[in-house]
Amino acid sequence: MFSADDHRHMARALQLAQQGLYTTEPNPRVGCVLVQGAEVVGEGYHQRAGEGHAEVNALAAAGARAHGATAYVTLEPCSHFGRTPPCCEALIKARVARVVSAMEDPNPLVSGRGHQRLRDAGIAVASGLLAAEAGRLNPGFIKRMSQGLPYVRIKQAMSLDGRTAMASGESQWITGPAPRSDVQRLRARSSVIVTGSGTLLADNPALTLRAEQLGLANAADVVRRQPLRLVLDSALQTPPEAAILAQPGSTLIVHRSDDKARVAALQAAGAELLAFDSRDLAGLLRWLAVDRQCNELLIEAGATLTGAFIDAGLVDELVIYLAPTLLGERARPLFRLPLDRMAQQRRLLLVEQRQVGADLRLTYRFTHPAPPQAE
């Protein structure tokens, strides 16, 4: 169905889409290549929400040469008016002859409609080329549109004996400087960074993007959008002078307290507060997906909170930085999970491993949902 040239041009469109990895939030990362005969006449990718989509940028580069061309797009062209006009109408107006998309758009406002609108206009449409690769670019957008939940990723650093901090809570630093730069890029692709009050009180983290640590050519542009920082703090223990409240961007504290004085003090310090039962983690994730358009969520927290997300079956991916060091049996564990029997174990699939400085980065996905809880 697809030729070698089709594969080559779609692979290039995926490379272009990758360039928007840190800047398109909450939109998907999309690339487009326009080909006339054997010549690439236009390329583009979606750079930032509210600005031109990949197809529009490629059409602008191609000009009149788009007439009769084939458009290779990593996601079905949109068919609805959002902050920008529909891309399928732009392709029709440019009189392209053929559109090849990697995958159908999971957005219910688009799903299949963009392809059908192109067919109705007499344009040949084919879909499914390098679909798996396109899906890996947008796990959060796909999950939010199909399930109403963000893609949840946990980041942890641990020693060879599976420990994350000394018994006192001291944890800086288990890993070397290279993983800390790598974590900056995990943050940059995320919509929200979640931590707990325990981590906040112990480490006083800023949880920000820092241009000098990103190691990206467009780092200054990337840090313009700081991910939302979310603190799960049921008792409102966050001090108004916490470092997280003095950073650019927004900090949201989720709590269950009726202490109006504490609420007022934290609001005066710049925090946004949400009264919500933080034990309802699934409900909180649904709220983040629907109300805050959160695609990818990164959890940087201690063993109790990360264990609670895993136990609830809400985690999609674990990113573990394994340091060549030992912390001893009294040090804190990676996760706290209420597992007593082998039948309750959570199996993981290793999807990537690579060296990051002196440390090893291991990326896992869960192979099955959480076991049912006893009633």
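**View 1. Residues around the largest cavity of the predicted model.** In this predicted model, the largest cavity is lined by Leu21, Tyr22, Thr23, Thr24, Glu25, Asn27, Arg29, Ala188, Arg189, Arg225 and Asn295. Sorted by class, this lining holds three nonpolar, four polar and four charged residues. The volume of the largest cavity is about 40 Å³, and the count of cavities of 30 Å³ or more comes to one. Rolling a probe the size of a water molecule over the atoms is a way to show where empty space is left.

**View 2. The largest pocket and the elements that line it.** The largest pocket encloses about 1,200 Å³ of space. Its lining is made up of 46 residues, and of these Thr199, Asp203, Glu300, Ala301 and Gly302 lie nearest the centre of the pocket. At least two residues of the lining come from each of the following elements: S6, strand S7 (163-165), helix H7 (177-188), strand S8 (192-196), helix H8 (197-203), helix H13 (303-311) and strand S14 (332-333). When the lining residues of the largest pocket are divided by class, 18 are nonpolar, 17 are polar and 11 are charged.

**View 3. An open sheet of nine strands.** The nine strands follow one another in the order S11-S10-S9-S8-S12-S6-S13-S16-S15, and their pairing is mixed. Strand S11 (272-275) and strand S15 (348-356) stand at the edges with a single partner strand each, so one side of each is left without a neighbour in the sheet. On average, neighbouring strands of this sheet are turned by 20 degrees against each other, direction ignored. Within the sheet, strand S6 (residues 151-158) and strand S12 (residues 296-299) run parallel and are joined by four bridges. One residue to look for here is Arg153, whose bridge partner in S12 is Leu298. Strands of a sheet pair through backbone hydrogen bonds, and the pairing may be either parallel or antiparallel.

**View 4. An open sheet of five strands.** Here the order of the strands is S2-S1-S3-S4-S5, and the pairing is again described as mixed. The edges are taken by S2 and strand S5 (124-127), each of which has a single partner strand, so one side of each is left without a neighbour in the sheet. From one strand to the next, the twist averages 15 degrees. S4 and S5 run parallel and are joined by four bridges, and the bridge partner of Val99 in S5 is Val125.

**View 5. The hairpin of S1 and S2.** S1 and S2 pair in the antiparallel sense, with six bridges between them. Leu34 stands opposite Gly42, which belongs to S2. Two residues lie between the strands of this hairpin, in which Gly37 takes a positive phi near 65 degrees.

**View 6. The largest nonpolar core.** This core has 37 residues, among which Met10, Leu34, Leu91, Val96, Val99 and Leu118 touch the most other members. Several helices and strands supply at least two residues each, including helix H1 (4-18), strand S1 (31-36), strand S2 (39-45), helix H2 (54-62) and helix H5 (131-137). H1 gives the largest share of the core, five residues. Leu34, which is one of the core residues with the most contacts to other members, is also the residue that stands opposite Gly42 in the pairing with S2. In soluble globular proteins, nonpolar side chains tend to be buried together.

How values were computed. Residues are numbered from 1 along each chain as its sequence is written. This is a predicted model: local features need pLDDT of at least 70, side-chain atom pairs count only at pLDDT 80 or more; totals for chains, interfaces and linings use all residues. Side-chain values use heavy atoms; hydrogens and water are left out. On a 1 Å grid over the protein atoms alone, a cavity is a set of points where a 1.4 Å probe fits but cannot get out, and a pocket is an open set with protein on both sides within 12 Å along at least five of seven lines; lining residues have an atom within 4 Å of a point. Grid points are joined across faces, edges and corners, and a volume is the space filled by probe spheres set on the points. Ala, Val, Leu, Ile, Met, Phe, Trp, Tyr, Cys and Pro count as nonpolar, Asp, Glu, Lys and Arg as charged, and the others, Gly among them, as polar. Two strands pair if DSSP finds at least two bridges between them. Axes are lines fitted to C-alpha atoms, for helices over the stretch in contact, and angles run from 0 to 180 degrees between N-to-C directions. A nonpolar core is a set of buried Ala, Val, Leu, Ile, Met, Phe, Trp, Tyr and Cys residues joined through side-chain atoms within 4.5 Å. Buried means under 20% relative accessible area, exposed over 50%, partly exposed in between (1.4 Å probe, protein chains only).
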